[in-house]
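Trainee: I would like to learn how to read charged pairs and strand pairing in a model. Please start with the charged pairs.

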Amino acid sequence: MKTVESPRVQVAILAFPETTATLVYGMVDLFNSAARDWSIIVDGRAARSPLEPRIVSRDAAPFAAANGLRLVPDAAFGDVGVPDVVCVPELTVPPGDPITG
């Protein structure tokens, strides 16, 4: 009997210069670990995560995040369709400074 896999939940993690790469990549790792890590502990093998996180930005071009680390988006906003979940990370902007991203 052939196993039919459920479609994965599409998670768009928004990336912009006023966030930190640490948080964005941490969110990717967190969503990828759902079900995968528990299966390793219980069954000794990784399972497929039911979540599919993607880092999205205005134009998908790499940029320096607020903490100076290079952030490389997977896609532009217009290339991902309508995700099931949208995650907006923190804004690292001092009070009164404009948001440029």
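Mentor: This is a predicted model. A search of the whole structure finds two salt bridges.

Trainee: What is the general idea behind such pairs?

Mentor: Side chains of opposite charge can pair when their charged atoms come close. Here the side chain of R36 meets that of D29 at 3.9 Å, N to O. R36 also forms a salt bridge with D37, at 2.6 Å, N to O.

Trainee: Which residues are linked in a network of salt bridges?

Mentor: The network links D29, R36 and D37.

Trainee: How exposed is D29, by relative accessible area?

Mentor: D29 has a relative accessible area of 47% and is partly exposed, because buried means under 20% and exposed over 50%. R36 is partly exposed at 24%, and D37 is partly exposed at 33%.

Trainee: Now the sheet. What is the order of its strands?

Mentor: The four strands of this open sheet are ordered β5-β2-β1-β6, with parallel pairing. At the edges are β5 (75-76) and β6, each pairing on one side only. Helix α1 (residues 21-33) packs on the sheet and touches β1, β2 and β6. The direction of α1 makes about 160 degrees with that of β2.

Trainee: How many bridges join β1 to β2?

Mentor: Six bridges pair β1 (residues 9-14) with β2 (residues 51-57) in the parallel sense. I13 has I55 as its bridge partner in β2. Between β1 and β6 (residues 85-87), also parallel, there are three bridges, and V11 has V85 as its bridge partner in β6.

Definitions and conventions:
Residues are numbered from 1 along each chain as its sequence is written. This is a predicted model: local features need pLDDT of at least 70, side-chain atom pairs count only at pLDDT 80 or more; totals for chains, interfaces and linings use all residues. Side-chain values use heavy atoms; hydrogens and water are left out. Two strands pair if DSSP finds at least two bridges between them. Helices (H or I, at least four residues) and strands (E, at least two) are DSSP runs, numbered from the N terminus. Contact means heavy atoms within 4.5 Å. Axes are lines fitted to C-alpha atoms, for helices over the stretch in contact, and angles run from 0 to 180 degrees between N-to-C directions. A salt bridge is a side-chain nitrogen of Lys or Arg within 4 Å of a carboxyl oxygen of Asp or Glu. Buried means under 20% relative accessible area, exposed over 50%, partly exposed in between (1.4 Å probe, protein chains only).
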